[in-house]
Amino acid sequence: MRYIDSYKKIAIILEVKNFSGTIYFDPEFKQLIQSKDGVEKGYTYPITQLERQEIQLREWLFINKLNLPNITSIVVISNSYTIIRTSSEDKDLQKKVIHKEELPTQINQLFQTSKSKCLEERELKKITRNLLKRHTKGETSILKRYQIKEEEILKGVICKECRYLPLIRVKGNWYCPNCTKKDKKAHIQALNDYKLLFKATITNSELRDFLVLNSAPTANRLLHSMNLRYTGDNKSRVYHLDDTVDLSNMSNR
């Protein structure tokens, strides 16, 4: 019961970073420097990002007349092999920057050391309702965020068994030349990837390009089999892969 109550007195903002190589937190000039393959790149200082997010959350809670829990934040490095470095004078960085494996321990320590008064259950529910009500979907491009060029994306349907690509469309199945497995629905995950990487709409020609298909009629049958919402007619038809459509539950006819 003590642990259950502890989550009611602290709000933790997590800023997850996916860097590889060596990253150096420069507290003097407030920048993050990544060193990889002999090349250095500078990035926005994550600690500054967190400070801004904490201020914004406090302001939002105040404006909406919601009780303020104790707010803290952590930078989580998702790559376990990334080397983290900083100035010898920066004694507090290890409290703010951790590898993902340390997250449960760090959260538990924050709970134990927090001296904030626990919020009532109704107060927590009120904050939750308001957060969900005012949530807006981000429009940030994944390719842009991670500086990946569109031509660097490998195209084709991936084999679930051996990860080979591209699979070949043969008699209503996706056939893997590497392990000889067949899969009727392998294109569904590819379209989920397309939606995540590029956009939530697709045309017949775009589907053929991404799935490495030569046949327009085959592409048309795949699109129709998934009962996707569409706009436009004939060659101008656009199919919508929006979030209201659960591609994972669709059957291929």
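Before we look at any hairpins, one idea to carry along: two strands count as paired if DSSP finds at least two bridges between them. Keep in mind, too, that this is a predicted model.

Let's start with that idea in action. Strand 3 (31-36) and strand 4 (39-44) pair in the antiparallel sense over 6 bridges. Together strand 3 and strand 4 make a hairpin, with 2 residues between them. Look at Asp37 in that turn: its phi is positive, about 55°. Further along the pair, you'll find Ile33 standing opposite Gly42 in strand 4.

Now step across to the other neighbour of strand 3. Strand 2 (residues 22-26) is joined to strand 3 by 5 bridges, and the two run antiparallel. Here Ile33 turns up again, as the bridge partner of Tyr24. Strand 2 and strand 3 form a hairpin as well, with 4 residues between the strands, and Lys30 in this hairpin takes a positive phi near 55°.

What about strand 6? Strand 2 and strand 6 pair in the parallel sense over 4 bridges, and Thr86 in strand 6 is the bridge partner of Phe25. Put these pairs together and you get an open sheet of 4 strands in the order 4-3-2-6, with mixed pairing. Strand 4 and strand 6 (83-86) are at the edges with a single partner strand each, so one side of each has no neighbour in the sheet. From one strand to the next, the twist averages 25°.

There's another open sheet to find. This one has 3 strands in the order 1-5-7, and its pairing is parallel. Strand 1 and strand 7 (97-99) are its edge strands, each pairing on one side only. The twist here averages 35° from one strand to the next. Strand 1 and strand 5 (residues 70-77) run parallel and are joined by 8 bridges; to spot one place where they meet, find Ile13 and its bridge partner in strand 5, Ser73. Two helices pack on this sheet. Helix 2 touches strand 1, strand 5 and strand 7, and its direction makes about 150° with that of strand 5. Helix 4 (residues 103-113) touches strand 1, strand 5 and strand 7 too, with its direction at about 155° to that of strand 1.

Some of these elements also help to line a pocket. The largest pocket has a volume of about 700 Å³. It's lined by 20 residues, and the closest to its centre are Asn18, Phe19, Tyr43, Arg145 and Tyr146. Strand 1 (10-17), strand 3, strand 4 and helix 2 (46-63) each give two or more residues to this lining. Which of the elements gives the most? That's strand 4, with 4 residues. Sorted by class, the lining has 6 nonpolar, 8 polar and 6 charged residues.

Finally, move along to a pair of helices. Helix 8 (residues 204-211) and helix 9 (residues 216-225) pack at an angle of about 100°, and their axes are 9 Å apart. Angles of 65 to 115 degrees count as roughly perpendicular, so that's how helix 8 sits relative to helix 9. On the helix 8 side, the contact is made by Asn204, Leu207, Arg208 and Leu211; helix 9 brings Ala216, Ala219, Asn220, Leu222 and Leu223. Those contact residues divide into 6 nonpolar, 2 polar and 1 charged.

Methods:
Residues are numbered from 1 along each chain as its sequence is written. This is a predicted model: local features need pLDDT of at least 70, side-chain atom pairs count only at pLDDT 80 or more; totals for chains, interfaces and linings use all residues. Side-chain values use heavy atoms; hydrogens and water are left out. On a 1 Å grid over the protein atoms alone, a cavity is a set of points where a 1.4 Å probe fits but cannot get out, and a pocket is an open set with protein on both sides within 12 Å along at least five of seven lines; lining residues have an atom within 4 Å of a point. Grid points are joined across faces, edges and corners, and a volume is the space filled by probe spheres set on the points. Ala, Val, Leu, Ile, Met, Phe, Trp, Tyr, Cys and Pro count as nonpolar, Asp, Glu, Lys and Arg as charged, and the others, Gly among them, as polar. Axes are lines fitted to C-alpha atoms, for helices over the stretch in contact, and angles run from 0 to 180 degrees between N-to-C directions. Angles under 35 degrees count as roughly parallel, over 145 as roughly antiparallel, 65 to 115 as roughly perpendicular and the rest as oblique. Contact means heavy atoms within 4.5 Å.
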